[in-house]
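Grab a pencil and take a look at the chain below. Work through each exercise yourself before you peek at the solution.

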Amino acid sequence: MSASPSPASPSPAAGSPSASAAPAAVDATAPVRGRLAGVVTMVASGLSNQTGAAIGSLAFPVLGPVGVVAVRQYVAALALLAVGRPRLRSFTRRQWWPVLLLGLVFGAMNLSLYSAVDRVGLGLAVTLEFLGPLTVALAATRRRVDLCCALIAAAGVVTLLRPRPSADYLGMGLGLLAAACWASYILLNRTVGRRVPGAQGSAAAAAFSAVMFLPVGAVLVLREPPSAVAVVYAVTAGVLSSAVPYLADLFTLRHVPAQAFGLFMSVNPVLAAVVGWLGLGQDLGWTEWAGIGAIVTANTLSIARVKRA
């Protein structure tokens, strides 16, 4: 969830000085290599994000989800402040209020997601969270295919939330809360992007969110200093789930069309389920896989339709 940079400049036109100075084969293959590098980076970014969440969950017994999220917010703030370099003194009141709301939603989104991961597992939690951007995308259009996407997603939700003895409805509710927070995050990011130049707004919001979680870190340290292993897990989660994806997305969006980037993002629930299964032993039944597949399909069809429009 990073701000989109300016796209890479197009390759030189045939007959220009820069084109004639190099062999034609180089010009023909450079965009292909760039897109291939972008695709590899997307895969690495998705795996990094979900692996970071899985590693962070290993610190839950010591720090709890709120402690892991606190560390993640600190890491995210450092990464975004280094890139955005916001000039906070120049912000007006009209710029500050959406930035502060964005920081609040950012913290609530990660806290509800990690709390859901703690209760229902990585794959299911991330899938429910993805209902947020899907809802925003479907609400913006009125085509028949979007109605079909909504019905497919609804079927997936019903499958995942169906009544059963082992169902953890609090955990599922936290996943849906994370979805609502992500939808709000998208809408607020649009407002911040229009009112604050560059990545300054996102950086300021991340810093505000980190400040909100400072008391959490202080309480954890004063109550009982956490083990070094737990801190390493939490910091690793912050690096892999915040810093690495942010920087990777900046590179990816320079080489891969935005629609293709969105289509790949739809696969993240599947990546989360696979990482949870292989890394944490969180096995899913065929009904859970069917629900995840329905929501991923709905998101993919929605984005693919936008590409054709």
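Here are five exercises on this predicted model, each with a worked solution.

**Exercise 1. The overall fold**
Work out how many helices and strands the chain has.

*Solution.* Step 1: go through the chain and count, and you get 14 helices and zero strands. Step 2: read along the sequence, and the pattern is α-α-α-α-α-α-α-α-α-α-α-α-α-α. Step 3: look at the contacts between residues at least 6 apart in sequence; 87% of them join residues at least 24 apart. Step 4: check what is inside, and you'll see that buried residues make up 47% of the 309 residues. As for the outside, the chain exposes about 15,300 Å², with carbon and sulfur atoms supplying 68% of that.

**Exercise 2. Two helices side by side**
Decide how α5 and α6 are oriented to each other.

*Solution.* Step 1: find helix α5 at residues 122-129 and helix α6 at residues 131-139. Step 2: take the geometry, an angle of about 20° with the axes 5 Å apart. Step 3: angles under 35 degrees count as roughly parallel, so α5 and α6 are roughly parallel to each other. Step 4: see who touches whom: Thr127, Leu128 and Glu129 in α5 meet Leu131, Gly132 and Pro133 in α6.

**Exercise 3. Hunt the salt bridge**
Find which residue forms a salt bridge with aspartate 168.

*Solution.* Step 1: search the whole structure, and one salt bridge turns up. Step 2: name the partner of aspartate 168, which is arginine 119; their closest N and O atoms are 3.1 Å apart. Step 3: place both ends. Aspartate 168 sits in the loop between α7 and α8, while arginine 119 belongs to helix α4, so the pair links distant parts of the chain, 49 residues apart. Step 4: arginine 119 has a relative accessible area of 42%, so call it partly exposed.

**Exercise 4. A nonpolar patch**
Say which residues make the nonpolar surface patch of about 240 Å².

*Solution.* Step 1: the patch is made by Val231, Val235, Val239 and Val244. Step 2: pick one of them, valine 235, and you'll find it in helix α11, residues 228-252. Step 3: its relative accessibility is 34%, so valine 235 counts as partly exposed.

**Exercise 5. An unusual phi**
Explain why the phi of arginine 85 catches the eye.

*Solution.* Step 1: most residues other than glycine have a negative phi. Step 2: arginine 85 isn't glycine, yet its phi is positive, near 45°. Step 3: arginine 85 is found in the loop between α3 and α4. Step 4: its relative accessible area is 65%, so arginine 85 is exposed.

Technical notes. Residues numbered from 1 in each chain as written. Predicted model: local features only at pLDDT ≥ 70, side-chain atom pairs only at ≥ 80, totals over all residues. Heavy atoms only, no water. Patch = residues over 30% accessible without salt bridge, like charges linked within 9 Å, V, L, I, M, F, W, Y side chains within 5 Å. Areas by Shrake-Rupley, 256 points an atom, 1.4 Å probe, with all protein chains shown as cover. Salt bridge = Lys/Arg side-chain N within 4 Å of Asp/Glu carboxyl O. Helix = DSSP H or I, 4+ residues; strand = E, 2+ residues; numbered from the N terminus. Buried < 20%, exposed > 50% of the residue type's maximum accessible area, 1.4 Å probe, protein only. Axes fitted to C-alpha atoms, helices over the stretch in contact; angles between N-to-C directions. Parallel < 35°, antiparallel > 145°, perpendicular 65-115°, else oblique. Contact = heavy atoms within 4.5 Å.
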